[in-house]
Amino acid sequence: MEKDGQIEIRVSGKIGNVEITPDNFDIKEIISILQNVEDLLYSGDKKNRPIISYDIQQGSVRNIFKTNIQYIVSFNAVLGLVSNTGSIDYLDIDTAKAIESLQDIAIKKDFSFDIITSIDKSNVIHIDKFTEYKRTEAIWADAEFYFYGKITNAGGKDKANIHLLTDEYGTVRIQTPITFLEQQEENILYKSLGIRAKGKQHSENGDIDFTNLDFIELIDYNPIFDEDYLKNLRTKAKNSWLSKINPDEWLRQIRGNYES
């Protein structure tokens, strides 16, 4: 099997009375497609994703993207799910939003999109002004989250964000009031801290919408293993309720319950 594969986003439509081609397809339209391809293929942290190369060809406008074959195979399965169900509710949030964005373009510009892969007998989805690829709002519920990690960036000219590098989710970006950052007496960069935030969570599969998280509060967090602290807890327990337990009697009770 080849190491690389392709996805193709074929765009059909008119600009005025003229059929679109690579020669009259404006750079703004190309950018709007390019902005969505990364999210279509790679959901979540994209720091370590493989290279995506691009080519544009005739045939209305054929936008060709080449990348690692394993991601093409996975995306082909996504196309199959969407094609069979007619819904994007069960996709990863980034992928669902990318398809929503193409749906918005199709409605505003009266374009048609056909998305297909280079996999043999590939699945395909068609998007135009008559399709309705939108997430069901009721599925996304308000929720609060606790994220723990190291702050790698904090600030912004107009809209401030904190970037928190976590083990579980990669880098999480949280919208933060500028006034909160201004009031910090100590530099929080590169410190291990927790952040309480609010946002949207999928009520069925538990996915978090990482594109729109709002800061609530900062939480002191020390991830370093403290052996002395644990020893102290064990000593307190041993000198209190554990001192009243006879180990042999406790073990006999456990065995009796198990055998019965």
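**View 1. Helix α1 packed over strands of the sheet.** Helix α1, made up of residues 27–41, lies across β1, β4, β5 (61–68) and β6, and the direction in which this helix runs makes an angle of about 140 degrees with β1. The coordinates belong to a predicted model, and the protein as a whole contains six helices and 12 strands. Of its 260 residues, 34% are buried, while 64% of the contacts with a separation of 6 or more are between residues 24 or more positions apart.

**View 2. The five-stranded open sheet.** Five strands in the order β4-β5-β1-β6-β7 form an open sheet in which the pairing is antiparallel. The edges are formed by β4 (53–58) and β7 (124–127), each of which pairs on one side only. On average, and with direction ignored, neighbouring strands of this sheet are turned by 20 degrees against each other.

**View 3. The pairing of β1 with β6.** Strand β1 (residues 4–12) and strand β6 (residues 112–117) run antiparallel and are joined by six bridges. One residue pair that can be located here is that of S12, whose bridge partner in β6 is S112.

**View 4. The largest nonpolar core and the separate second core.** The largest nonpolar core comprises 32 residues, and I9, V11, I99, F113 and I127 are those with the most contacts inside it. Two or more residues are given to this core by each of β1, α1, β5, α2 (69–85), α3 (93–109), β6 and β7, and the most come from α3, which gives six. A second core, separate from this one, has 18 residues and includes A143, A160, I162 and F215.

**View 5. The surroundings of I127.** Which residues are in contact with I127 when its neighbours within four places in sequence are left aside? The residues in contact with I127 are I99, L102, Q103, A106, F111, S112, F113, I115 and Y133. Two of these, I99 and F113, are listed together with I127 itself among the residues with the most contacts inside the largest nonpolar core.

**View 6. The second largest pocket.** The space in the second largest pocket comes to about 160 Å³. Its lining consists of 13 residues, and those that lie nearest its centre are L40, L41, V78, D92 and T95. The elements that give two or more residues to the lining of this pocket are α1 and α2, with α2 giving the most, namely five residues. Both helices also appear among the elements that give two or more residues to the largest nonpolar core.

**View 7. Two loop residues with positive phi.** S60, which is not a glycine, nevertheless has a positive phi of about 60 degrees, and this serine is found in the loop between β4 and β5. S60 counts as partly exposed because its relative accessibility is 25%, a value between the 20% under which a residue is buried and the 50% over which a residue is exposed. D110, likewise a residue other than glycine, has a positive phi near 60 degrees and lies in the loop between α3 and β6. With a relative accessible area of 42%, D110 is therefore also partly exposed.

Note on methods:
Residues are numbered from 1 along each chain as its sequence is written. This is a predicted model: local features need pLDDT of at least 70, side-chain atom pairs count only at pLDDT 80 or more; totals for chains, interfaces and linings use all residues. Side-chain values use heavy atoms; hydrogens and water are left out. Two strands pair if DSSP finds at least two bridges between them. Helices (H or I, at least four residues) and strands (E, at least two) are DSSP runs, numbered from the N terminus. Axes are lines fitted to C-alpha atoms, for helices over the stretch in contact, and angles run from 0 to 180 degrees between N-to-C directions. Contact means heavy atoms within 4.5 Å. A nonpolar core is a set of buried Ala, Val, Leu, Ile, Met, Phe, Trp, Tyr and Cys residues joined through side-chain atoms within 4.5 Å. Buried means under 20% relative accessible area, exposed over 50%, partly exposed in between (1.4 Å probe, protein chains only). On a 1 Å grid over the protein atoms alone, a cavity is a set of points where a 1.4 Å probe fits but cannot get out, and a pocket is an open set with protein on both sides within 12 Å along at least five of seven lines; lining residues have an atom within 4 Å of a point. Grid points are joined across faces, edges and corners, and a volume is the space filled by probe spheres set on the points.
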